[in-house]
Amino acid sequence: MNRNHPTAVVPFDVKLMNITATVMFMGCLTACVMAVGWWLMRTPAFNIGRIVVEGELVHNNAVTLRANVAPVLKGNFFTVDLKAAQHAFEQVPWVQEAQVRREYPNGLRVALKEHVAEAFWGAETGTGLVNKAGEVFEANLGELDREGLPRLQGPEGSAPRVLQMYRALEPALKPLDVALDSLTLDARGSWTLVLDNDALLELGGGTTEDILQRVQRFVRTLPQITSQYKRSAAALESADLRYEDGYALRLKGVTTGTSAPATAARARR
């Protein structure tokens, strides 16, 4: 025999009391969480008191970095802006990249990467440098740990291209026993280089391969020409490599030019 049990009806005032109690409980819980959060964000126990610096540092040291950056950090362990902290570290001279993370309960751990200077950049009076990635940066030139860096110049934004060309030309010039002292790209796309004996070479325009072929032809044939005048590559004063099949040059104490057919013939040997 089936029996039907009617569902009990909860009075409206009881429902209202239950809802009110739930709302009050949630409100109290939220207030407690906010109070704890407020306390955590302001208690001195979580003030940034320790900054650990990692990385191969040549031009900076951990003590100086902490002293320079700590005063500009705002907030504590929970509220400090990591992006702002990263930016502050990357404003320090020679710092290329910084990665900052929190370290409980009151510290920051910073991994730094310094610039490695590959060349000077810009005018002789400037303090610009370019790193191995082709990025231009400013630094105290008195802190350079390398000597004999070349000087590269070019239009704004051209540093990676000029650095790439330098890397292509430097080994090509080694047979002459002279080094590349400066390399310039002008606004028209024409290249000029100066050797460490002050010789000026006009390379003209074109792709890296075009320029490299002209320089390699010049390096192959120059000793044959200088030997005719009992000179060496060190006597080179200037050369114009912008001709299609040859070049013109000037030696210290001797002025001469190579005809296009003659130079082309030497290059084929």
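Student: Which side chain makes a polar contact with the side chain of N60?

Tutor: Let's place N60 first: in this predicted model, N60 sits in the loop between β1 and α2. Its side chain reaches the backbone oxygen of P93 at 3.0 Å. The side-chain partner you ask about lies at 2.9 Å, and that partner is E114.

Student: Is N60 buried or exposed?

Tutor: Look at the surroundings first: leaving aside neighbours within four places in sequence, N60 is in contact with L65, V92, P93, W94, V95 and E114. A residue counts as buried under 20% relative accessible area. N60 has 15%, so the word for N60 is buried.

Student: Which elements do the buried residues of α3 pack against?

Tutor: Start with the residues themselves: A85, A88 and F89 are buried in α3. They cover an arc of only 95° around the axis, so they lie on the same side of α3. This fits a general pattern: an α-helix has 3.6 residues a turn, so residues three or four places apart point the same way. The elements that the buried residues of α3 pack against are β1, α2, β2 and β3.

Student: Which residue caps the N-terminal end of α3?

Tutor: Find the backbone nitrogen of K83 in the structure. A side-chain oxygen lies 2.9 Å from that nitrogen, and it belongs to the capping residue, D81.

Student: How many bridges join β2 to β3?

Tutor: These two strands run antiparallel, and a hairpin of 3 residues joins them. One facing pair to look for is R102 and L108, with L108 in β3. The number of bridges between β2 and β3 is 8.

Student: Where do F77 and Y104 lie, and how many residues apart are they?

Tutor: By the ring-pair rule, there are 4 aromatic pairs. One of them is F77 with Y104, an edge-to-face pair with 5.7 Å centre to centre and 80° between the planes. The pair links distant parts of the chain: F77 is in the loop between α2 and α3, Y104 is in the loop between β2 and β3, and they are 27 residues apart.

Student: Which of these is buried, and which is exposed, F77 or Y104?

Tutor: The cut-offs are under 20% for buried and over 50% for exposed. F77 has a relative accessible area of 9%, so F77 is buried. Y104 has 60% relative accessibility, so Y104 is exposed.

Student: What is the distance, centre to centre, between F218 and Y247?

Tutor: These rings form an edge-to-face pair, with 80° between the planes. F218 is in helix α5, while Y247 is in the loop between β11 and β12, 29 residues apart. Both F218 and Y247 are buried. Their centre-to-centre distance is 5.1 Å.

Student: Which element gives the most residues to the largest nonpolar core?

Tutor: That core has 37 residues, and those with the most contacts inside it are L183, F218 and L236. The elements that give two or more residues to it include β4, β8, α5 and β12. With 8 residues, the element that gives the most is α4.

Student: How many residues are in the other core, with I51, L65, F89 and L112 among them?

Tutor: This core lies apart from the largest one. As a general point, nonpolar side chains in soluble globular proteins tend to be buried together. The other core has 16 residues.

Student: Which residues of β5 are buried on each face?

Tutor: In a regular strand the side chains alternate between the two faces of the sheet. Both faces of β5 are covered. On one side the buried residues are G128 and V130, and on the other they are L129 and N131.

Student: Which residue in the hairpin of β5 and β6 takes a positive phi near 80°?

Tutor: β5 pairs with β6 in the antiparallel sense over 3 bridges, and V136 in β6 is the bridge partner of V130. The hairpin has 4 residues between the strands. In that hairpin, the residue with the positive phi near 80° is G134.

Definitions and conventions
Residues numbered from 1 in each chain as written. Predicted model: local features only at pLDDT ≥ 70, side-chain atom pairs only at ≥ 80, totals over all residues. Heavy atoms only, no water. Buried < 20%, exposed > 50% of the residue type's maximum accessible area, 1.4 Å probe, protein only. Pairing = 2+ DSSP bridges. Phe/Tyr/Trp six-rings, centres within 6.5 Å; stacked < 30°, edge-to-face > 60°. Arc of directions from axis to C-beta. Contact = heavy atoms within 4.5 Å. Polar contact = N/O pair within 3.5 Å; in protein donor to acceptor, adjacent residues only side chain to side chain. Core = buried A, V, L, I, M, F, W, Y, C linked by side-chain atoms within 4.5 Å.
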